[in-house]
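Here is a short briefing to read alongside the model. Please keep the 3D view open as you go through the points.

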2 protein chains.
Amino acid sequence: MAAQQTNDGDPGTGSSAERLWSTSVGNDLAFLLARANALSLARMHTVLAPFGLRTRSYSVLSIAASDARPSQRELSDFLRLDPSQIVSLIDQLEGAGLVRREPDPRDRRANVVVATDAGRALVEEARRTVIDSDRAWFAVLSEDEREQLFSALHRLATGAAAQFADA
Amino acid sequence: MAAQQTNDGDPGTGSSAERLWSTSVGNDLAFLLARANALSLARMHTVLAPFGLRTRSYSVLSIAASDARPSQRELSDFLRLDPSQIVSLIDQLEGAGLVRREPDPRDRRANVVVATDAGRALVEEARRTVIDSDRAWFAVLSEDEREQLFSALHRLATGAAAQFADA
DNA sequence: AATAAATACTTGAAAATGTCAACTATTGAG
DNA sequence: CTCAATAGTTGACATTTTCAAGTATTTATT
């Protein structure tokens with residue numbers, strides 16, 4: 001993916017693929033969404049690498065450090081990951097001493113995932129860097145535009161639109 | 001991914017993971033971007049399946065059917081895929097009689113990728129379905145909001161923001 | 001109350017996708 | 001002219017995703 005970080009495909013940079021931005025694909029909202037996401041994921045991987053985290057482990061750790069006390073199933077649904085992927089992520093974090101599994105008093109089939117002190121410290125530190133990177137990355141948008149983007153993406157991301165697609 | 005199409009993780013649906021939306025992750029623009037994209041990809045796969053296409057093959061075919069006459073390298077940059085992935089995609093489309101490689105008169109190292117008549121017919125048909133699905137999926141946003149979203153995503157997707165992250 | 005179906009977590013196999021190295025032929029820079 | 005860079009390709013290897021099946025527990029049905 002690192003090799004994909006050049007902006008050769010972007011309009012206005014004098015590169016070879018800029019002609020393709022005038023195709024229907026280049027003007028398709030879903031494509032823009034995917035491409036923006038790909039760029040964002042790439043930068044997140046770079047930002048989180050010094051902490052030994054990746055986007056997904058950072059998300060799990062961050063939620064585990066909150067007051068939410070999530071079950072694995074909740075993490076799976078929220079992050080849209082297969083339960084077995086959650087197992088693997090938690091195994092890694094647990095192995096690194098960053099989270100622990102506790103029996104869920106609400107349901108004996110379930111665990112809740114809780115950050116250790118070390119996990120909390122690490123995610124606190126990582127979060128600062130993430131926030132800085134977010135600020136820089138979205139800085140091309142005005143404050144107003146960022147709020148509008150948040151509002152729109154929140155609706156799309158929560159599946160408010162999915163009721164149509166699933167019908 | 002089909003098993004992930006339920007809205008269990010979404011707020012307001014009475015599901016188990018809605019508490020997680022009040023965590024910092026649930027309010028992170030980058031996370032919303034990723035989640036919206038995941039939902040969009042899932043629906044695109046469903047929409048394109050009847051045509052024997054997936055998001056990426058649809059994109060390649062669509063561009064090949066345009067007047068752009070893209071080289072493989074241009075496709076690779078634009079779609080942010082490794083050149084070997086482009087080879088594989090084109091092999092499949094070529095095998096299905098949907099595109100062909102032609103020597104690029106501008107550069108003897110290169111090919112241009114061009115849709116066949118069958119490819120054009122298919123992508124025309126698929127495009128209609130995609131447009132309908134896009135309309136339905138983004139319908140939760142007003143016309144104004146969609147334009148704003150387009151503008152914001154275009155800037156983010158073209159890497160206008162990447163200059164900061166790469167520095 | 002008993003039985004059946006559904007669910008949480010787990011393991012592991014198989015399938016799919018991504019990354020990278022190395023090659024030939026061609027182009028561009030010095 | 002020489003050499004470095006590039007386009008496309010092949011294929012090996014690494015990583016991720018998907019899916020099946022198992023145990024234990026909870027929920028729904030009879």
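Chain A can be laid on chain B by a rotation of 180 degrees with 0.0 Å of shift along the axis, giving an RMSD of 0.1 Å; the fit is by least squares on the C-alpha atoms of residues with pLDDT of at least 70 in both copies. That is the relation of a two-fold axis. The same surface serves both copies, as 99% of the contact residues of chain A recur in chain B, where contact means heavy atoms within 4.5 Å.

This is a predicted model, in which local features need pLDDT of at least 70, side-chain atom pairs count only at pLDDT 80 or more, and totals for chains, interfaces and linings use all residues. Residues are numbered from 1 along each chain as its sequence is written, chains are lettered from A and ligands numbered from 1 in the order in which they are written, and side-chain values use heavy atoms, with hydrogens and water left out.

**Axis and fold**

- Leu149(A) is the residue of chain A that comes closest to the rotation axis, with its C-alpha at 3.1 Å.
- Chain A holds seven helices and two strands, taken as DSSP runs numbered from the N terminus (helices: H or I, at least four residues; strands: E, at least two).
- Read from the N terminus, the order of elements in chain A is α-α-α-α-β-β-α-α-α.
- Of the 167 residues in chain A, 50% are buried (under 20% relative accessible area, with exposed over 50% and partly exposed in between; 1.4 Å probe, protein chains only).
- Taking contacts in chain A between residues at least 6 apart in sequence, 46% join residues at least 24 apart.

**DNA strand C**

- DNA strand C is surrounded by 19 residues, and the closest are Gln72(A), Arg73(A), Arg56(B), Ser84(B) and Gln85(B); a residue is near the strand if one of its heavy atoms lies within 4 Å of it.
- Sugar or phosphate accounts for 73% of the strand C atoms within 4 Å of the protein, and bases for the rest.
- Gln72(A) places a polar side-chain atom 2.4 Å from a phosphate oxygen of DNA strand C.
- Arg109(A) has a polar side-chain atom 2.9 Å from a base oxygen of DNA strand C, while an N or O atom in the side chain of Arg109(B) is 3.5 Å from a base oxygen of that strand.
- Two or more residues of the surface near DNA strand C come from each of helix 3 (72-79) and helix 4 (83-95) of chain A and helix 4 (83-95) of chain B.
- Helix 4 of chain A gives the most to this surface, with three residues.

**Aromatic rings**

- There are eight aromatic pairs over all chains, counting rings of Phe, Tyr and Trp (its six-membered ring) with centres within 6.5 Å; planes under 30 degrees apart are stacked, over 60 edge-to-face and the rest tilted.
- Trp137(A) and Phe138(A) make an edge-to-face pair, 5.0 Å centre to centre with 90 degrees between the planes.
- Trp137(A) counts as buried at 2% relative accessibility, and Phe138(A) counts as buried at 2%.
- Trp21(A), Phe31(A) and Phe78(B) are linked by ring pairs into a cluster.

**Around Val60(B)**

- Val60(B) sits in helix 2 (residues 55-64) of chain B and is buried, with a relative accessible area of 1%.
- Leaving out residues up to four places away in sequence, Val60(B) touches Leu75(B), Leu79(B), Leu89(B), Ile90(B) and Leu93(B).

Note on methods. A polar contact is a pair of N or O atoms within 3.5 Å; within protein, one must be able to donate a hydrogen and the other to accept it, and residues adjacent in sequence count only if both atoms are side-chain atoms.
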